Amino acid sequence: MLIGFAVPVSGAWATPAHQVEIAQRAEDLGYHSLWTLQRLLNPAGSPERDYRAVPDPLVTLAYLAGFTRRARLGVAVVNLPFYAPAMLAKQAATLDHVSGGRLDLGLGLGWMPEEFAALGAPMERRGARAEEFLAVLRALWHGSGEYHREFYDVPPVIMEPRPLQPAGPPVLLGGASEPALRRAGRLAVGWVSSSRADPAALGRSIETVRAAAREAGRDAAELRFVARAAVRIRPGGVDGADRRPLTGTYGQIRADLASLERQGVTEAFLDLNFDPEVTGPDADPAAATRLAHEALEAFAPV
């Protein structure tokens, strides 16, 4: 199982300087990939503290591309309904060039009504729209596209420059529902789990994706399964029934990562951005960054 690391993307520690610092140290230690996430807006007055002060994920990856050389650069995920296909196709192709062909593009459907309302985007029939979106995206990445269907009507056009990766940036689809999982099996290079997914139950989702791939005549063995490992490091340990997977000592978390691999996960990236002690309103950015360095050392690929 390949190991990646999420750069600071939420809360007070999510500064460009900290992002570069963590990205470069991760690359020096041999981590396979670096990851961002998207949160465009938050509901006013919401008590939820996740996803606060989140910078744009694609701009962040473009910035980090200039400070790194080897690690893959991934986003998990940007939401398709927030973009026009041609705009995202151009942004992703440009980022692929800026990064030297290192982009992994995770795509999702979104779920927060306030974001959809602020964008004027419809929430209805997101799945059907996504399938057309992917078809347009790939047509444009191949240099020319013409598409006339229910949701998108694209005249004969040419998009240049094409992505540096010949088939375009690998597309990983998110989502937890059965239709979303099956869509990943039919249409994507793999699936990426969310921070809210149960780490102990990923195997069931992976098998659904694989089954859909086989039914579509694809080689399920070629698919990628990427897990966001939303870790909460507690040096004193957490014992008993109250312990959440990926929470506790480094040893406890390593055991949980081994469980992910046994379930079929091919890549996991460690993400501290969902720990309130790292990203909460009272969190110390310097302490959060020190913890990230400690985690980088503790989980460094062998």
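The side chain of Asp 104 makes a polar contact with the side chain of Arg 72 at 2.6 Å, a polar contact being a pair of N or O atoms within 3.5 Å in which, within protein, one must be able to donate a hydrogen and the other to accept it, with residues adjacent in sequence counting only if both atoms are side-chain atoms. The model is predicted, so local features need pLDDT of at least 70 and side-chain atom pairs count only at pLDDT 80 or more, while totals for chains, interfaces and linings use all residues. Residues are numbered from 1 along each chain as its sequence is written, and side-chain values use heavy atoms, leaving out hydrogens and water.

A second polar contact links the side chain of Asp 104 to that of Arg 224, at 3.1 Å. Asp 104 belongs to strand 4 (residues 103-108); strands (E, at least two residues) and helices (H or I, at least four) are DSSP runs numbered from the N terminus. With a relative accessible area of 1%, Asp 104 is buried (under 20%; exposed is over 50% and partly exposed lies in between, with a 1.4 Å probe and protein chains only). Beyond its neighbours within four places in sequence, Asp 104 is in contact (heavy atoms within 4.5 Å) with residues including Trp 35, Leu 73 and Pro 170.

Strand 4 takes its place in a barrel, where eight strands close in the order 1-2-3-4-7-8-9-12 with parallel pairing; two strands pair if DSSP finds at least two bridges between them. Within this barrel, strand 7 and strand 8 pair in the parallel sense over two bridges, and Leu 173 has Trp 191 of strand 8 as its bridge partner. Elsewhere, strand 5 (residues 144-148) and strand 6 (residues 153-158) pair in the antiparallel sense over four bridges, and a hairpin of four residues joins them.

Attention now turns to the interior. The largest nonpolar core (buried Ala, Val, Leu, Ile, Met, Phe, Trp, Tyr and Cys residues joined through side-chain atoms within 4.5 Å) has 83 residues, and Leu 107, Leu 137 and Trp 141 are among those touching the most other members. Helix 5 gives the most to this core, seven residues. Apart from this core lies another of eight residues, including Trp 35 and Val 226.

Helix 6 (residues 178-187) also has buried residues, namely Ala 180, Leu 181, Arg 183, Ala 184 and Gly 185. They pack against helix 5 (126-141), strand 7 (171-173), strand 8 (190-192) and helix 7 (202-215).
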